[in-house]
Amino acid sequence: MTVSTLAPYRVGVVGCGTMGGGIAEACLRSALDVRVLVSAASRVDAARQRLTGALDRAVAKGRLAPADRDAALGRLTVTADVGELADRELVVEAVVEDLDVKRRVFKALDGAVADPGAVLASTTSSLLVADLAAATGRPGCVVGTHFFNPVPVMALVEVVTVEGTGERAAATVEAFVTAGLGKQVVRARDRCGFVVNALLVPYLMAAARMYEDGVASVEDIDRGMTLGCGHPMGPLALMDLIGIDTIATVAQSMADNGGPVAEVPALLTRMARDGRLGRKTGHGFHRYDPPPGAPRGAA
Ligand code: 3HC
């Protein structure tokens, strides 16, 4: 049985940041053929290096055989030309959480992907999938696939269909997540924050505000939730993992779109502006060894 009979075999991923890179890595490790679209030709090499580095780390940790890494890299192409997504069976968009930017991407995908039944999926976590679907001439093929960071590790994808989503698209995306990636699905309604972020983001904002107000130290807020509630990491460490810029943008989008966040703490906006973005720059609420290639001076 070929992979195509179980799940989309030729996958496109738009964007190679934290989420796009993680999704591409998860697809590669699941034997899918992956083409990553980046925003400029000058970013092609960096995207390939990022994915090569991620697969190398999996080999170094004994989680991936060297031969499987080599095979995965053989199934990876990176391009800055949206036209090269023409043959994709499913494309996952993972660009910045901005409605105009995402709608532009969906319009371009609509023009580029040849199969009129191919699924066009978005990783949005706070915008409405229906608003993205409306940017295309094939709204019945547009779905939400909300992945969680770190994507190769987290077992869940929220799948969001809207009124008008075709049965083929709904079945394809579930097969992609389950048979294709080995993850589980939670089906969510098309509302701001879906299920998980509607619960998680207000909690994270409350933690940032608690620190901002001087109620407790970074360490004690995090220890409160790890030791007191058994969470794998505290809320401030989790924001460092997600990325301070990403969580600030998601929270702002939820505040702007009638989601369950009233206001983004000024502290987060300041941290994002100052490049204290969390793990990816080596400094957020906590300090980390900066990853290779992190912006200099950001920590
Ligand atoms: N990429 C790939 N693999 C990773 C990874 C990464 N970034 N980070 C950790 N891993 C792997 C490790 O290699 C290890 O795999 P192994 O057991 O096969 O060797 C495994 O994950 C466990 O990692 P560690 O032993 O280093 O560390 P922990 O046991 O402390 O687990 C964690 C790390 C999985 C990140 C855990 O702390 C956790 O589950 N934290 C909560 C994460 C979470 O809540 N994510 C959701 C964020 S919300 C979101 O993304 C939505 C968005 O819209 C905001």
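How many salt bridges are there between domain 1 and domain 2? The count is zero. Keep that in mind as you go through the close-ups below, which come from a predicted model.

**View 1. Two domains, side by side.** The domain assignment splits this protein into domain 1, covering 3–188, and domain 2, covering 197–273. Go from the C-alpha centre of one to that of the other and you cover 27 Å. Where the domains touch, domain 1 puts in seven residues and domain 2 puts in eight.

**View 2. What sits between the domains.** Together, domain 1 and domain 2 bury about 650 Å² between them, and 54% of that is on carbon and sulfur atoms. On the side of domain 1 that touches domain 2, you'll find two nonpolar residues, four polar ones and one charged one. Salt bridges between the domains number zero, but three residue pairs are in polar contact across domain 1 and domain 2.

**View 3. Around the ligand.** Zoom in on the ligand and you'll see 16 residues surrounding it. The closest are Lys 61, Arg 63, His 146, Asn 149 and Asn 197.

**View 4. Polar atoms facing the ligand's oxygens.** Start with His 146: one of its polar side-chain atoms lies 2.7 Å from an oxygen atom of the ligand. Then look at Asn 197, where a side-chain N or O atom is 3.0 Å from a ligand oxygen. For Ser 125, the distance from a side-chain N or O atom to an oxygen of the ligand is 3.4 Å. As for cover, the ligand on its own has 1,000 Å² of accessible area, and the protein covers 61% of it.

Definitions and conventions. Residues numbered from 1 in each chain as written. Predicted model: local features only at pLDDT ≥ 70, side-chain atom pairs only at ≥ 80, totals over all residues. Heavy atoms only, no water. Domains from an automatic or database assignment. Contact = heavy atoms within 4.5 Å. Buried area = accessible area lost by both parts, 1.4 Å probe. Salt bridge = Lys/Arg side-chain N within 4 Å of Asp/Glu carboxyl O. Polar contact = N/O pair within 3.5 Å; in protein donor to acceptor, adjacent residues only side chain to side chain. Nonpolar A, V, L, I, M, F, W, Y, C, P; charged D, E, K, R; others polar. Near = heavy atom within 4 Å. Areas by Shrake-Rupley, 256 points an atom, 1.4 Å probe, with all protein chains shown as cover.
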